[in-house]
Amino acid sequence: MTAALALTALLPSAPAAADGGSGYAFAPDARTVAGAASTTDAVPLEPGTAYRSTLPDKGELYFRLELTAGTTAYVPVTAVPPSSATVSASDGIEVSIEDANGTACDYDSARFGAGLSPRPVTAVGRRDAGKALCRDAGTYYVVVARVVSGSRTTSPGSWDLEIAPVTEPALAKAGATTAPDAWNSASPEPLTSDPRHRTAGAGFTTARTLDQGVWQTDITPGQTLYYAVPVDWGQQLHATVDLGSTGGDAHGYVSAALNLSLYNPVRGYVDDVSLGYDGTQKSSSLDPLPPVAYANRYAASGAESAVRFAGAYYLVVHLTGQTADTFGKGPYGVTLRVRIDGTPNSGPEYAGSPVPKGIFGVAWDRGGLLTPADDDTAMRALAAGGIGTGTALLLVLGVWTLVARRAQSRASAQKPTA
């Protein structure tokens, strides 16, 4: 890493601005692509690249992937309706991956649920190289479609999309093909330490990092908050969400007022909980999950299968817009109690690198922003150690000077004598 790049790595990153019509922060470097109406015109997607597109209210969109035989692919698609849209509980999106013969490798769907609130929803298409179907190298197609209940209350119109393909290489050598059957499934005592305030991101790429502890923030009706919790191989994540009481004399009830969803490093759904709200404080916890392990992918339970790799696990909090009608515009206080148990281990040995590189690792900086797990170790140590930017600048300049002097000395030593 050059000194200039090292300095850049130490400086805090500016979060992407939220989209004005939805409140969602799309990846700032996302490429805009148009989905095709058929496979013939499908545009290619490159793993490790973020894309923006638009999903019409009718019809399917097709995108193309070129995959090798041993590569497992995940294609998360986040659909973002306008904040003014009206939706029903069963509305949402469906994502699938098909091979060149039209065989569906896998499909996934995401719905808005009982909160009846327009919010970003994410589904992940998958091509698993370890399964009987879709094992060959070649061309595959990502298919994205709206799931519409037919309710007359559903607003017509297109939704924005964010697409972020990921590939996972095969293992260097064969491992276990059954999920661990013994792990601590007891719910731990919730953390009770003094809370720290942490503002949230407005999308996956701007998610603010949380480590173990008690964290507080504010949320307004219709808003969605994104946090990322680095979880290493062998570690267990536990999370509890509290919604604070309203001020004044509260009357009424909102079903599924607050939703806490957990997504894995490829934005795959893991689990969620919802809180009904009557104006008094409420609390709920995610069900216990096994320690992160490669072999979890063979578990029968979807939640257990989803904790299959280390990396950033996303806690996404949404407060339904209906809360404003009953209890006012807020803001409302939210507390997240995050606990990480277990001793990290080295994890599996891959035969290659995932794309994007470092996605299945756990690095972060003190500014609360995720950093690639394969960044220069010394630079990460500076960030994690809490060294101020001014001191870091002096250190980087010192390294730069030392490198320059060594280069000059080598050049002088190599000059021929007269």
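Select Leu-258 in this predicted model and display its neighbours: leaving aside residues up to four places away in sequence, Leu-258 touches Ile-219, Val-241, Leu-243, Val-273, Ser-274, Leu-275, Val-317, His-318, Leu-319 and Val-334. Keep that selection and add Leu-315, since these two are the next landmark: Leu-258 and Leu-315 are the residues with the most contacts inside the largest nonpolar core, a set of 47 residues. To see which elements build this core, colour E14, strand E15 (224–231), strand E16 (236–243), strand E17 (254–263), strand E18 (269–277), helix H2 (302–306), strand E20 (311–319) and E21, each of which gives two or more residues to it. A second core, separate from this one and made of 28 residues, can be found by selecting Leu-61, Leu-65, Ala-110 and Leu-161, which are among its members.

Stay with the second core's region of the sequence and show strand E4 (residues 60–67) together with strand E2 (residues 43–44), which pair in the parallel sense over two bridges. Within this pairing, Pro-44 stands opposite Arg-64 in E4. Next add strand E9 (residues 138–147), which runs antiparallel to E4 and is joined to it by eight bridges. One place to look is Glu-60, whose bridge partner in E9 is Ala-145.

Now move to the open sheet of five strands, where the order to trace is E12-E14-E21-E16-E19 and the pairing is mixed. Its edges are strand E12 (196–197) and strand E19 (282–285), each of which pairs on one side only. Inside the sheet, select strand E14 (residues 213–219) and strand E21 (residues 332–341), an antiparallel pair held by seven bridges. Ile-219, already met as a neighbour of Leu-258, has Tyr-332 as its bridge partner in E21.

With the strands in view, turn to the enclosed spaces, of which the structure holds two at 30 Å³ or more, counting cavities. The largest cavity has a volume of about 70 Å³, and the selection that outlines it is Arg-119, Pro-120, Thr-122, Phe-204, Thr-224, Tyr-226, Asn-259, Ser-261, Tyr-263, Val-316 and His-318. Two or more lining residues come from each of E15, E17 and E20, and E17 gives the most, with three. Coloured by class, this lining shows five nonpolar, five polar and one charged residues. His-318 deserves a second look, as a residue that lines the largest cavity and also touches Leu-258.

The second largest cavity, with a volume of about 50 Å³, appears when Val-231, Gln-235, Gln-236, Leu-237, Leu-262, Leu-289, Pro-290, Val-292, Val-307 and Tyr-313 are selected. Its lining consists of eight nonpolar and two polar residues, with no charged ones.

For an open space, go to the second largest pocket, whose volume is about 450 Å³. Centre the view on Asp-128, Ala-129, Gly-130, Tyr-294 and Tyr-298, which lie nearest the centre of this pocket among the 22 residues that line it. By class, the lining of the second largest pocket divides into eight nonpolar, six polar and eight charged residues.

Finally, clear the selections and view the whole protein, whose secondary structure comes to five helices and 23 strands. Of its 418 residues, 44% are buried. Among contacts with a separation of 6 or more, 72% are between residues 24 or more positions apart.

Notes. Residues numbered from 1 in each chain as written. Predicted model: local features only at pLDDT ≥ 70, side-chain atom pairs only at ≥ 80, totals over all residues. Heavy atoms only, no water. Pairing = 2+ DSSP bridges. Helix = DSSP H or I, 4+ residues; strand = E, 2+ residues; numbered from the N terminus. 1 Å grid on protein atoms, 1.4 Å probe; cavity = no way out; pocket = protein on both sides within 12 Å on 5 of 7 lines; lining within 4 Å. Points joined across faces, edges and corners; volume = space filled by probe spheres on them. Nonpolar A, V, L, I, M, F, W, Y, C, P; charged D, E, K, R; others polar. Core = buried A, V, L, I, M, F, W, Y, C linked by side-chain atoms within 4.5 Å. Buried < 20%, exposed > 50% of the residue type's maximum accessible area, 1.4 Å probe, protein only. Contact = heavy atoms within 4.5 Å.
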